[in-house]
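Biologist: Could you walk me through reading a few features of a model, step by step?
Modeller: Gladly; let's bring it up and begin.

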Amino acid sequence: EVDRYLVRAERDGPLTVELFARRLGADINGVVQVRDASGRIVADVADTEGRDMALTFAARAGEVYTLRLHDADFRGNRAYVYRLGVTAGPRVIATAPARLTRGKEQQVRFVGYGVATGAAKLESVVRAVDAPADTETSTLPMRLTTDFGESQRFEIPLSNLSEAIGSHESKETRESAPPRQLAAPTAITDWMLAGSRRRFRFTAKKGEAWTVSAASRAIGAELDVAIAIFNQDGKQLVENDDALGGSDSQAQFNVPDDGDYDVVVSDLSGRARDLAAMFRLAIEKRPADFSLTIPQQVNIPIGGTTQLSVGVERLGGFSDEIALELEGLPAGVTTTTELKIPAEK
């Protein structure tokens, strides 16, 4: 089955087509093709990864375009529900910084198709954005207004960190460039324009616990990022690739000695180094916390006793005593020992 729609452009400028299918729970790998009145293919895109898709093309006023939509394998049934959005305006794919510091006005670079000139090409524009200070709010909903129309609605996550921005115009060889010094805890949104590695440096003290993460897919870009942490002798201490089942990365780092440490962010995607080759590196202290593990089932003989094994994982340097409480015990079942995990145990 192939669904076809006719769309008339009311003015010159970018026209954005966006498919909602996976986000609605439908098992569709969508393929969208745009043809002009003469039948010439103007744009096409295939969602081979099952993440939904969008495309932006340059439309001409008064022209009628045919949108063709089908599943990549031409599958279909009544469960193949989708929403096709057509917007006369540009498409924003990412921002730098990727998150906004709460309660601060920031210069934000919007990266997308048609955001600066209205052409169907990847470009960027800078606007001032005032982020709310409300800690109960997690994102800032936005629509980018341009001379060529208004973008679709998107959301910029909010952050309690200081959010820095790198440069997408730098021409130096990133492999040989000195590491960029960061005042952790902090985050930076940067570009992978030359080579496939970027190096950053931060100072830490012995015994501190840090979480270091690099995200690209999560911020709207398409790099496959990996991270590694080195001491100043060049010894690799920690590495991670594809954390949490995705292509972004995260590593837990317990500082062995006072000093400087280098975080190397590398890209394994092999994609072109353009404005969309973006990532966000975040270096944050892990909060002191703990998690408990107990058996799913415990057998107690009638009139007898048993032992309940409680495992504790201490996080972020937490070493205090942990008091336990059991709720919902069956009638007649009691505990005979003090329910505490001693400090540092």
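**Reading residues and strands**

Biologist: Let's start with Arg280. Where is Arg280 found?
Modeller: Keep in mind that this is a predicted model. Arg280 is found in strand 25, which covers residues 278–285.

Biologist: Is Arg280 buried or exposed?
Modeller: The cut-off for buried is under 20% relative accessible area. Arg280 has 8% relative accessibility, so it counts as buried.

Biologist: Which side chain does Arg280 join in a polar contact?
Modeller: That of Glu163, at 2.7 Å. Beyond four places in sequence, the contacts of Arg280 also include Ala98, Arg99, Ser159, Thr189 and Ile219.

Biologist: And what should I read from Phe57 in strand 5?
Modeller: Apply the burial test again: Phe57 has a relative accessible area of 2%, so it is buried. Then look at its contacts farther than four places along the sequence, among them Pro14, Leu15, Val34, Tyr65 and Ala120. Ala120 lies 63 residues from Phe57 in sequence, yet their C-alpha atoms are 4.9 Å apart.

Biologist: Now sheets, please. What is the order of the five strands in the open sheet?
Modeller: In general, strands of a sheet pair through backbone hydrogen bonds, either parallel or antiparallel. Here the order is 17-19-24-21-22, with mixed pairing. Strand 17 (180–181) and strand 22 (236–241) each have a single partner strand, so they stand at the edges with one side lacking a neighbour in the sheet.

Biologist: How many bridges join strand 19 to strand 24?
Modeller: Eight, and residues 197–204 run antiparallel to residues 259–267. To see one of the pairs, find Arg197: its bridge partner in strand 24 is Ser266.

Key. Residues numbered from 1 in each chain as written. Predicted model: local features only at pLDDT ≥ 70, side-chain atom pairs only at ≥ 80, totals over all residues. Heavy atoms only, no water. Buried < 20%, exposed > 50% of the residue type's maximum accessible area, 1.4 Å probe, protein only. Contact = heavy atoms within 4.5 Å. Helix = DSSP H or I, 4+ residues; strand = E, 2+ residues; numbered from the N terminus. Polar contact = N/O pair within 3.5 Å; in protein donor to acceptor, adjacent residues only side chain to side chain. Pairing = 2+ DSSP bridges.
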